[in-house]
Amino acid sequence: MRKIIFLTLLSVGLLFGALENECIVCHAGIKDIRDKNSGMMQAILQKADEAGAKGNDCIVCHGGSPEATEKSAAHQGTITYFKENKGPKAFYPYPASPWINANTCGMCHPNQVAAQENNLMATEQGKIHGALWGFGAKEGYKHTYTNFGGKSPDPHKRLGTKSYQNYMDKLAKLEPQGFLEETKELPAAPTAEEVEKDPTLSVYTYLRQECLRCHTGGKGRERRGDYRGIGCASCHIPYSNAGLYEGNDKSISKKEDGHMLVHAIQSSREVKVSVHDINYSGIPVETCTTCHNRGKRIGVSYQGLMETSYQATFDDKGNGQPKLHTKRYLHLTEDIHYSKGMLCQDCHTSNDMHGDGFFRGANLGAVEIECQDCHGTTSKYPWELPLGYSDEFATKPKTGTARGTTKTLAAYLKQGAIPKDKGDGFLLSARGNPLTKAVRKGDKVMMHLSSGKDIELKPLKLLKKENKISKEGLVAMDQIQAHTDKLECYTCHATWAPQCYGCHVKVDYSGGKQNPDYLAASKHHVNGKTGEVDTLKDFLVDGKVTETRSYLRWEDPALSQNGEGRISPTIPGCQVTLTVIGKDGNALLQNHIFKIKGVEGRDANDTEGINSIVMSPVQPHTVSKKSRTCESCHTSLKAQGKGINGGKYFSDQSKTTIVDLMRADKKLLVKGVDEQIPAIPNLKHDYSVMIDENGTQVQTVGNHWKLSQALDKKTRDKLDRQGACLACHQELPSNDLAVSLMVHTAKYAGVHIDNEMHKTIVHKSILLSAWVQVLGGLFLGGGLVYLYMRRRKQMRCKND
């Protein structure tokens, strides 16, 4: 029947000259991947013409044999359309797959496709290193492994301006452990027998079953909120939370999950995607959060989503909150950029996301932007700052010539949406690449957002000139130069951050092959279709990974020094507390925290080593116009790195807690008891403690970059202003005659001392104290000079 319909429609189409694309016989109603009049579609049609398939845009990406009358024949075969080794070589159901996209997307976008292979979203180099560190730092500081291994290209092929290339060459020499020229493929998941001999090998089971689902070389986990494409389609094809198709192609099921929302490419402000007659442009934040919901959680945090263990609130049927990314959430304050309508791509550059072709160990190595690139400082406009400002990888602020702006763009950047009005030029990133959405207009910046919206941004220097910065803001950003020189902007302006303390990992090998190896599944591909698409059962490996945690927080994150040498918010990283169950059901390791020797921040003669659990400096992506309070840092033990409440909330976690009927002296009265909270032998301090009361670092703080560390003593001394209230109140109300007189005078005069009056009194007291001491010093100094001169005069007279 299908053959009859096909031949009938084909004959009618040929008769009237209307049917050039045989694929739509079966896929009638499917949207064009791009608007027919767009430059991209015209380029696709030109490729079809070159291949001798005039008018059939489908074969340029999918290949296949469209002239065939049966689905099985149409969706297979070696393609003979394309010559010179360009174009599809078979039928590609997933043409954006990185395993074959050099033949598809790469025909028009060769630079981006070549760069993607070594970008962080493909290699997961930082994530791998973090897990290896938590399991005992198996490779030390060196970022040896990536998902599939590989080599960086010739240095001259690095994408970016000459300034950028020089910058990255210098950074690679400064931090060689994070910028390897060649990496190794992650070792295979171990067998249960191998783990019996070396339980630390369980890290590869952990990585392959849990951590490595999000790389762009596979479609990942099919759970609500996690559906996405593969390769270029990971970002450029829309998927809903449910993974259901809502287009008009009758051949695609609307009940089977795992499908794109509609057949369309989402990219820049010039590309309009229509879903149920609603148009949008750009790549929605929700596309990014299909992956960026674990680890640092920057995607969901940007939206104001903070995970919770509870099911509230209820819907009209009484059902609890559904899981999203396998979690439930509270809705906290959104990042101000998100509230303003900015998508992730409005800040992050092409190099940030596609990569520049080279391995870049972790996020700080990959991200080229800083807040000051657009906002500047109160004393300098963005274009007046030197390249490298706030990206120093040193402990002193960058100085040098002004970076300026540019109107020159590389060819690969021109493939994106470029504003027609270039004004006074594009702003430059801290590393020297053009920010194609940020255009200088006099003393202002015009942001041309991917959504189609334009926002006028006034840099801090202009806001100061117009008296539009609050008194608190001027004090923090302008008067206290150390804040500008030593802190990230978001150290103050990120008012919350997700803090998941204690990563309790259990890898159980007693049940045989239970969970799939996602990395192996994605590496197994046929014409770009990876193993996890059809079934994961073929990729089961020994062991089953489960995770849980000790507790969650979000308020007032701690502080530490990040790899760029600046003070940064800090949250728990990979705080692995490992339990490995052997094939016989007994623990090979139980609640184990590894110790690492020779770590920076510890004494060279240290024999015990430092805990491998990690606190990680982070850009939380929760920026607010109103910053956190001065007190939240300057009177906080947590901010100093000494833990929540100085780490004093918890009892000794290195000892087992047993709860049952007992005497007052804790002598148990029963014999059949269970351990309520088994011990964590190496956890002498709470998970939130980075340094103990002696100033000794007790856990790892950042495991990627040389300068990452807990705050040093000099910094803590400057930060710590605890007990400042006592400085005044130890004399109030009557321990000093003058103070007592002032208190009684205020009382009988009816002075009401609220917070504003209190601040006024303190302010006046400081000014009065300062002037008294200065004038007193001048008077004393003048008196001494007078006495000295008089003495000399008397001595002369006496000699005369």
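Which residue in the turn of the hairpin of strand 9 and strand 10 has a positive phi? It is G442, with a phi of about 65 degrees, and the hairpin has 2 residues between its strands. The model described here is predicted.

**Strands 8, 9 and 10**

Strand 9 covers residues 434–441. Strand 9 pairs with strand 10, residues 444–448, in the antiparallel sense, and 4 bridges join the two. V439 has M446 in strand 10 as its bridge partner. Strand 9 also pairs with strand 8, again antiparallel, over 3 bridges. Here L428 has P434 in strand 9 as its bridge partner. The hairpin of strand 8 and strand 9 has 5 residues between the strands, and G432 in this hairpin takes a positive phi near 105 degrees. Strand 9 is largely enclosed by the rest of the structure, because 6 of its 8 residues are buried.

**The open sheet**

An open sheet of 4 strands has the order 15-12-18-19, and its pairing is mixed. Strand 15 (540–555) and strand 19 (587–592) are the edge strands, each of which pairs on one side only. On average, neighbouring strands of this sheet are turned by 15 degrees against each other, with direction ignored. Strand 12, residues 496–516, and strand 18, residues 576–581, are parallel and pair over 6 bridges. H504 stands opposite T577 in strand 18. In general, strands of a sheet pair through backbone hydrogen bonds, either parallel or antiparallel.

**Nonpolar cores**

The largest nonpolar core has 25 residues, and those that touch the most other members are L186, Y206, L207, V505 and L578. At least two residues of this core come from each of helix 7 (125–134), helix 9 (192–197), helix 10 (202–209), strand 12 and strand 18. Another core, of 19 residues, lies apart from it and includes L45, M107, I237 and M260. In soluble globular proteins, nonpolar side chains tend to be buried together.

Beyond its neighbours within four places in sequence, V505 is in contact with Y206, V545, T546, E547, V576, T577, L578 and T579. Two of these contacts, Y206 and L578, are listed with V505 among the core residues that touch the most other members.

**A buried glutamate**

Is E392 buried or exposed? E392 counts as buried, because its relative accessibility is 13% and the cut-off for buried is under 20%. E392 lies in the loop between helix 18 (372–375) and strand 8 (426–428). A polar atom of the E392 side chain is 2.8 Å from the backbone nitrogen of S390. Leaving aside neighbours within four places in sequence, the contacts of E392 are P397, K398, E564 and R566.

**Backbone exceptions**

Most residues other than glycine have a negative phi, and most peptide bonds are trans. The table gives two residues and two peptide bonds that depart from this pattern.

| Item | Feature | Value |
|---|---|---|
| R297 | positive phi | near 60 degrees |
| N591 | positive phi | about 45 degrees |
| A312 to T313 | cis peptide bond | omega near 10 degrees |
| L732 and P733 | cis peptide bond | omega about 0 degrees |

R297 is placed in the loop between helix 12 (285–288) and helix 13 (298–302). With a relative accessible area of 14%, R297 is buried. N591 is found in strand 19, one of the edge strands of the open sheet. N591 is buried as well, with a relative accessible area of 15%.

Both cis peptide bonds involve a loop residue. T313 lies in the loop between strand 6 (305–308) and strand 7 (328–331). P733 is in the loop between helix 27 (724–729) and helix 28 (737–748).

**Cysteines**

How many disulfides does a search of the whole structure find? The search finds 0 disulfides. C61 is in none, and the nearest cysteine sulfur, that of C105, is 6.5 Å away. C61 is partly exposed, with a relative accessible area of 24%. For C728, the closest cysteine sulfur is in C725 at 8.3 Å, which is too far for a bond, because a disulfide needs two cysteine sulfur atoms within 2.5 Å. C728 counts as partly exposed at 44% relative accessibility.

Conventions:
Residues are numbered from 1 along each chain as its sequence is written. This is a predicted model: local features need pLDDT of at least 70, side-chain atom pairs count only at pLDDT 80 or more; totals for chains, interfaces and linings use all residues. Side-chain values use heavy atoms; hydrogens and water are left out. Two strands pair if DSSP finds at least two bridges between them. Axes are lines fitted to C-alpha atoms, for helices over the stretch in contact, and angles run from 0 to 180 degrees between N-to-C directions. Buried means under 20% relative accessible area, exposed over 50%, partly exposed in between (1.4 Å probe, protein chains only). A polar contact is a pair of N or O atoms within 3.5 Å; within protein, one must be able to donate a hydrogen and the other to accept it, and residues adjacent in sequence count only if both atoms are side-chain atoms. Contact means heavy atoms within 4.5 Å. A nonpolar core is a set of buried Ala, Val, Leu, Ile, Met, Phe, Trp, Tyr and Cys residues joined through side-chain atoms within 4.5 Å.
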